[in-house]
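Here's a quick tour of the model, going from the overall layout down to a single helix. Have the viewer open while you read.

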Amino acid sequence: MSDVTQILSKIAQGDSSASEDLLPLVYEELRQLAASRMAGERADHTLQATALVHEAYLRLVGNGSLTWENRGHFFAAAAEAMRRILIENARSKARLRNGG
């Protein structure tokens, strides 16, 4: 079992300190995922890949209620969280542009 899978298991069991151990292990991979997600965005996009990683990570481990079966499941959830963040960001900008 990989270190990431072990830490994900600890998080699922309610070990709040385990989420602090997880970020250094997955940060670079999340950063690459964010960069690939950002590549499809407009050039004038204001959200940076680092901010996208941090926001997605907070959504994934912040409330402690989510559990993952394995490493792949975690990264799939991270990709989905990043997609949703980018959509929310685009909708927010569209609202501002359209007066509200």
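## Ground rules

One definition before anything else: a helix here is a DSSP run of H or I with at least four residues, and helices are numbered from the N terminus. Keep in mind that this is a predicted model.

## Overall layout

The secondary structure is easy to list: the protein has 4 helices and 0 strands. Reading from the N terminus, the order of elements is α-α-α-α. The C-alpha trace covers about 50 × 25 × 20 Å along its principal axes.

How much of the contact network joins residues at least 24 apart? Taking contacts between residues at least 6 apart in sequence, it's 58%.

## Surface and charge

There are 100 residues in the protein, and 30% of them are buried. The accessible surface adds up to about 6,300 Å², with carbon and sulfur atoms accounting for 49% of that.

On the charge side, you've got 12 positive and 12 negative charges. The mean positions of these two sets sit 11 Å apart.

## A look at helix 1

Helix 1 runs over residues 3–12, and its buried residues include Val4, Thr5, Ile7, Leu8 and Ile11. Why do these end up on the same side of helix 1? Because the arc they cover around the axis is only 165°.

Now step just past the end of helix 1: Gly14 is there, with a positive phi of about 100°.

Definitions and conventions. Residues numbered from 1 in each chain as written. Predicted model: local features only at pLDDT ≥ 70, side-chain atom pairs only at ≥ 80, totals over all residues. Heavy atoms only, no water. Buried < 20%, exposed > 50% of the residue type's maximum accessible area, 1.4 Å probe, protein only. Helix = DSSP H or I, 4+ residues; strand = E, 2+ residues; numbered from the N terminus. Arc of directions from axis to C-beta. Contact = heavy atoms within 4.5 Å. Areas by Shrake-Rupley, 256 points an atom, 1.4 Å probe, with all protein chains shown as cover. Lys, Arg positive; Asp, Glu negative; His and termini not counted. Charge placed at Lys NZ, Arg CZ, Asp CG, Glu CD.
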